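Okay, thanks for making time. I'd like to walk you through one structure today, going from the whole chain down to single residues.

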Amino acid sequence: MLLQAEIVWGIAALLTAVVVIAVLATSIRVVPEFMRLVVFRLGRLVGLRGPGLVFLIPVVDQAYPVDLREQVIDVTKQTCITKDNAPVDIDLLIYLKVVDPEKVITQVQNFKQAAVGIATTTLRAVVGDIELDEVLAKREYINSVLRAKLDEVTARWGVKVTAVEIREIIPPSTVQSAMVKQIAAERERRAMIAQADGEKQAAILRAEGQKQSAILQAEGERQAAILRAEGQAKALELLNEAASKLGPNALLLQYLEALKNMASSPSTKIVVPMELLSHLQHILKGER
């Protein structure tokens, strides 16, 4: 009987130790720097605990951990209808951070799910007021509007929306094919403009070259004419000098030589210059 009693007491002591350890394990918490514990005592909020070692009253205190780090929520593709009745698929990312852990626990049941719900309804409302071309072009505008709307709602939950980023916008297949054709046509137009501009520049350069060539040719011809005129003037000047040094008899001999050459030609008419007759008269008077 004594042995059985000791065994019973041993089991009871072991169970008590296990219970005590379990209670202590639940009442002692190590809270990291990026976490906070929202503590309720008998159902009433008593405040935040952490970071570091936190002691809770067993059974009486109840703690809810809250992560203070910035978190990202991946919102799956949502089909939205634009103002011109075109369906588009949009998926986005929401970046948010808890700024008031007490409100996160007391004001909303699941702030992430609530943020996703607000984001999807706001996205449909914003896209519904914009035409398809603007949806594709005004991504930053949609991001800013979504962030402002979300931040306005989540502020009462103790959550700050830091950014909203649209990751992808997928228009209908017909619109995609039309966009591809439009891009191809735009590229062809730019190529034609570039080719025409190149041909224009080439024509301008050719005309400029021809102009310069004509100017240079005219300048060369002008210089050649000037040189020819100067040469002729110089030759006449030299002839005049030589003629002034010669006497009348020398000139008469030249005239006679010229008449001799003319007489040897088959022509029957000979024209005698007046200067020759004058020289002959002077010579004859001199002999007399």
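**A walk through the model**

Let me start right in the middle, with Gln71: setting aside anything within four places in sequence, Gln71 is in contact with Ile94, Tyr95, Leu96, Val98, Phe111 and Lys112. One of those is also a polar partner, since the side chains of Gln71 and Lys112 make a polar contact at 2.8 Å. Gln71 is found in strand E6. Is Gln71 buried or exposed? Buried, with a relative accessible area of 12%.

Before going on, keep in mind that this is a predicted model.

Now the overall picture. The protein chain has 8 helices and 8 strands. It runs to 288 residues, and 23% of them count as buried. The accessible surface is about 20400 Å², with 60% of that belonging to carbon and sulfur atoms. For the contact-map people: take contacts between residues at least 6 apart in sequence, and 63% of them join residues at least 24 apart.

So, the core. The largest nonpolar core has 36 residues, and the ones touching the most other members are Ile90, Leu92, Ile94, Leu123 and Ile142. Which elements give two or more residues to this core? E2, E6, E7, helix H3 (111–128), helix H4 (132–137), helix H5 (139–154) and strand E8 (159–170).

Ile94 is the one I'd click on. Leaving out residues up to four places away, Ile94 touches Gln71, which we just met, along with Val72, Ile73, Val75, Ala115, Ala119, Leu150, Val161 and Ala163. Apart from this core lies another one, of 7 residues, including Leu37, Val54, Leu56 and Ala63.

Next stop, Thr82. You'll find Thr82 in the loop between strand E6 (71–81) and strand E7 (87–98). It's a loop residue, but Thr82 is buried, because its relative accessible area is 3% and the cut-off for buried is under 20%. What does the side chain of Thr82 do for polar partners? There's a polar contact with the side chain of Asp84, at 2.4 Å. And a polar atom of the Thr82 side chain lies 3.0 Å from the backbone nitrogen of Ala86. Looking beyond four places in sequence, Thr82 is in contact with Val88, Val127, Gly128, Ile130, Glu131, Leu132 and Val135.

On to the rings. How many aromatic pairs are there? The count comes to 1. The pair is Phe40 and Tyr64, and it's edge-to-face because the planes sit at 90°, with the ring centres 5.6 Å apart. The pair links distant parts of the chain: Phe40 is in strand E2 (residues 35–41) and Tyr64 in strand E5 (residues 61–67), 24 residues apart. Phe40 is buried, at 16% relative accessible area, whereas Tyr64 is partly exposed, at 33%. There's also a charge over a ring: Arg69 lies over the face of Phe34, at 3.9 Å from the ring centre.

Now some backbone geometry, if you like checking torsions. Gly50 and Pro51 are joined by a cis peptide bond, with omega at about 0°. Pro51 sits in the loop between strand E3 (44–49) and strand E4 (52–55).

Then two positive phi values. Leu42 isn't a glycine, yet its phi is near 55°. Leu42 is in the loop between E2 and E3, and at 70% relative accessibility it counts as exposed. Val59, again not a glycine, has a positive phi of about 70°. Val59 lies in the loop between E4 and E5, and Val59 is exposed too, with a relative accessible area of 84%.

Last one: Asp100. Where is Asp100? In the loop between E7 and helix H2 (101–106). Asp100 is partly exposed, with a relative accessible area of 24%. Asp100 and Arg156 are 56 residues apart in sequence, and their C-alpha atoms are 9.4 Å apart in space. Not counting residues up to four places away in sequence, Asp100 touches Trp157 and Gly158.

To recap the two residues I'd open up beforehand: Thr82, buried at 3%, and Gln71, buried at 12% with its side chain in polar contact with that of Lys112. That's it from me, over to you.

Terms used
Residues are numbered from 1 along each chain as its sequence is written. This is a predicted model: local features need pLDDT of at least 70, side-chain atom pairs count only at pLDDT 80 or more; totals for chains, interfaces and linings use all residues. Side-chain values use heavy atoms; hydrogens and water are left out. Helices (H or I, at least four residues) and strands (E, at least two) are DSSP runs, numbered from the N terminus. Buried means under 20% relative accessible area, exposed over 50%, partly exposed in between (1.4 Å probe, protein chains only). A polar contact is a pair of N or O atoms within 3.5 Å; within protein, one must be able to donate a hydrogen and the other to accept it, and residues adjacent in sequence count only if both atoms are side-chain atoms. Contact means heavy atoms within 4.5 Å. Rings of Phe, Tyr and Trp (its six-membered ring) pair if their centres lie within 6.5 Å; planes under 30 degrees apart count as stacked, over 60 as edge-to-face and the rest as tilted. A charge sits over a ring if NZ of Lys or CZ of Arg is within 6 Å of the ring centre and within 35 degrees of the ring normal. A nonpolar core is a set of buried Ala, Val, Leu, Ile, Met, Phe, Trp, Tyr and Cys residues joined through side-chain atoms within 4.5 Å. Accessible areas come from the Shrake-Rupley method with a 1.4 Å probe; for residues, only the protein chains shown count as cover.
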